[in-house]
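Welcome! Please have your viewer ready, and we will go through the structure one selection at a time.

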Amino acid sequence: MRTKSLLLAACFSLAFAPATVAQTVAGSGIAPATVSNSAERAIGFAANAPEGAALAILTADSSLPAQANALLDASGREAVAAAVKAAGFDGSAGTTLSLRGIGTRPRILLVGTGASPTVNALAEAGGKVAQEMKSEAHPIAIVGSFDGAQAADVGFGFAIGQYRFDRYKTVGHKIPATGAVTLVSADPAAAQAAFDGRSKPLADGVRLSRDLANEPANVIYPDSFVARVREAFAGVPGVSIEVLDEAAMRKLGMGNIVGVGQGSPRGSRMMLVRYRGAGAPAAPLAFVGKGITFDSGGISIKPGANMENMKGDMSGAASVMGAALSLAKSRAPVHIVAVAALAENMPDGNSQRPGDVVRSMSGKTVEMINTDAEGRLVLADANEYVAKAYAPRAIVNIATLTGSIVGALSDQYAGLFSRDDALADRVIAAGKTSGEEVWRMPLHKNYAERMKSDIADIRNSSGDGPGASLGAHFVGFFVDESMPWAHLDIAGMNRSSKSTPLVPKGMTGFGVRLLDELARSGE
Ligand code: BES
Ligand code: MN
Ligand code: ZN
């Protein structure tokens with residue numbers, strides 16, 4: 001088929017400009033034009049709630065904070081108190097009460113935070129406001145008893161809670177732009193500074209990751225992933241970008257990733273984004289993400305049901321880029337390199353087969369048992385390259401690697417695998433702080449037995465056994481024992497089928513907040 005269309009193209013190029021042919025990826029169809037998502041509300045800070053804005057009041061219990069009481073007259077306060085009592089609203093975390101017809105405010109939404117809310121609880125309250133008020137026609141003011149830093153935390157939650165991916169809806173689904181949201185606090189300048197310094201860059205990173213993963217695979221493939229990420233980093237200081245195309249990877253001996261991508265007309269890529277902040281150490285921390293832009297399984301083809309979700313099999317790559325964007329935009333004093341191992345896993349006459357043996361960049365050989373165990377292959381070559389070319393002080397992998405981890409941990413935790421207890425502890429701590437939690441899973445050395453090949457150094461699947469651990473073992477087999485290394489299996493976390501305050505339904509951007517926190521926490 002490809003040869004035929006190339007021949008046709010060659011004939012046509014006598015009459016038509018060859019440039020047109022060169023720009024077309026075989027079999028890409030007619031992708032929808034890239035339009036934008038519904039407008040997000042601009043987020044600002046002020047000492048007072050603007051006239052006419054709908055109020056969102058964050059409260060720890062059944063009483064209103066003084067800042068909210070000050071905005072209501074006596075009859076307004078009475079009306080709210082009566083409604084609170086009648087509804088049994090007690091301000092516990094996650095509860096809401098929506099009121100209309102009180103005073104001059106178009107709407108009053110009470111949002112419970114529980115007593116002494118943490119940073120994450122404040123963010124969740126902000127996200128709750130964003131989602132409950134997404135169709136509110138008026139501007140919004142968020143009021144509570146928070147200082148500047150806390151107002152920024154609420155603003156962060158609002159920013160990632162209002163995310164939506166509706167850019168391809170053309171028939172009457174767009175949410176109209178409905179005005180700004182104002183976070184009210186006694187120190188708006190401090191709030192704005194905290195927001196600009198950390199919250200906004202982090203929200204930008206989460207948005208980048210979600211957008212990349214939500215995009216269908218006819219829009220985001222290795223080369224267009226690279227182009228989108230380049231765009232996101234344009235003008236951000238301290239950043240350098242390296243991209244390897246297929247010819248470069250072949251030359252470097254990356255038989256693993258070349259093998260995975262060889263059934264696709266869309267060329268594989270490896271993208272490395274380095275960011276070094278002022279005063280950061282010479283050796284970077286490497287974040288290596290699985291970037292399978294579509295995982296059909298290849299010749300070991302997946303069943304049809306839910307295969308569309310495999311457009312998100314590049315979520316690890318998307319999240320390492322999101323974390324890098326956050327760190328760079330906030331000028332964090334860290335040194336990181338984010339690596340996206342990008343390929344499309346497709347069945348084709350040119351695909352690799354079960355039984356094939358390839359040589360990885362490390363020189364170790366792999367027998368393919370199942371072409372659907374492709375993520376571990378691209379990670380192995382990416383880890384090898386970054387270890388050689390960037391001499392990192394540690395490597396953290398993030399990948400939608402196995403269905404097995406979904407069975408074990410569902411959508412509560414990412415699986416963490418590491419031979420290094422100190423690094424594992426730091427990842428666990430960063431998970432708790434960021435709110436993107438991980439659970440450590442075993443990596444027993446005896447698992448090696450199950451992955452032995454009769455004819456090569458290792459096989460890429462054992463068929464049965466502890467799947468997530470065996471996948472992790474495979475990746476670890478290619479990482480030098482002296483290199484601190486951790487692997488995160490996020491197959492249960494990268495997509496959500498229901499909305500929570502910080503994570504609207506769809507691709508979650510999981511890992512951006514975790515890796516951002518890990519880098520800042522000094523590891
Ligand atoms: N991308 C999949 C893993 C996955 C499954 C992600 C479900 C998200 C949801 C991965 O490439 C894969 O196919 N893994 C196989 C490995 C097996 C063939 C050894 C799996 O988990 O079944
Ligand atoms: Mn697969
Ligand atoms: Zn996969």
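Which residue of β17 is the bridge partner of I398? Select I398 and look across to β17: the partner is L488. Keep in mind along the way that this is a predicted model.

**Stop 1: around β17**

Now select the whole of β17, residues 485–489. Five bridges link this strand to β13, and the two run parallel. Then add β14, residues 414–418, which is joined to β17 by four bridges and runs antiparallel to β17. One bridge pair to pick out here is F417 with H487 of β17.

Show the side chains of β17 next. In a regular strand, side chains alternate between the two faces of the sheet. On one side of β17 you will find W485, H487 and D489, and on the other A486 and L488; all are buried, and both faces of the strand are covered.

**Stop 2: the whole sheet**

Zoom out and colour the eight strands of this open sheet in their order, β7-β8-β10-β9-β13-β17-β14-β15. The pairing is mixed, and the twist from one strand to the next averages 20°.

Which strands stand at the edges? They are β7 (239–244) and β15 (438–440); each has a single partner strand, so one side of each is left without a neighbour in the sheet. At the β7 edge, select β8 (residues 269–276) as well: six bridges join the two strands, which run antiparallel. V243 has M271 of β8 as its bridge partner.

**Stop 3: a helix across the strands**

Select α17, residues 512–520. This helix lies across β9, β10, β13, β15 and β17, and runs at about 165° to β9.

**Stop 4: the largest pocket**

Select K302, M310, T402, G403 and A491 to find the largest pocket, as these residues lie nearest its centre among the 41 that line it. Its volume is about 850 Å³. Which element gives the most to the lining? Highlight α13, which supplies three residues. β9, α16 (467–477) and β18 (495–496) are also among the elements that each give at least two. By class, the lining has twelve nonpolar, 19 polar and ten charged residues.

**Stop 5: the second largest pocket**

Finally, select D411, G435, M493, T500 and V503, the closest to the centre of the second largest pocket out of its 21 lining residues. This pocket holds about 580 Å³ of space. Both α5 (119–132) and β18 supply at least two residues of its lining, which divides into six nonpolar, eight polar and seven charged residues.

Notes
Residues are numbered from 1 along each chain as its sequence is written. Chains are lettered from A and ligands numbered from 1 in the order in which they are written. This is a predicted model: local features need pLDDT of at least 70, side-chain atom pairs count only at pLDDT 80 or more; totals for chains, interfaces and linings use all residues. Side-chain values use heavy atoms; hydrogens and water are left out. On a 1 Å grid over the protein atoms alone, a cavity is a set of points where a 1.4 Å probe fits but cannot get out, and a pocket is an open set with protein on both sides within 12 Å along at least five of seven lines; lining residues have an atom within 4 Å of a point. Grid points are joined across faces, edges and corners, and a volume is the space filled by probe spheres set on the points. Ala, Val, Leu, Ile, Met, Phe, Trp, Tyr, Cys and Pro count as nonpolar, Asp, Glu, Lys and Arg as charged, and the others, Gly among them, as polar. Two strands pair if DSSP finds at least two bridges between them. Axes are lines fitted to C-alpha atoms, for helices over the stretch in contact, and angles run from 0 to 180 degrees between N-to-C directions. Contact means heavy atoms within 4.5 Å. Buried means under 20% relative accessible area, exposed over 50%, partly exposed in between (1.4 Å probe, protein chains only).
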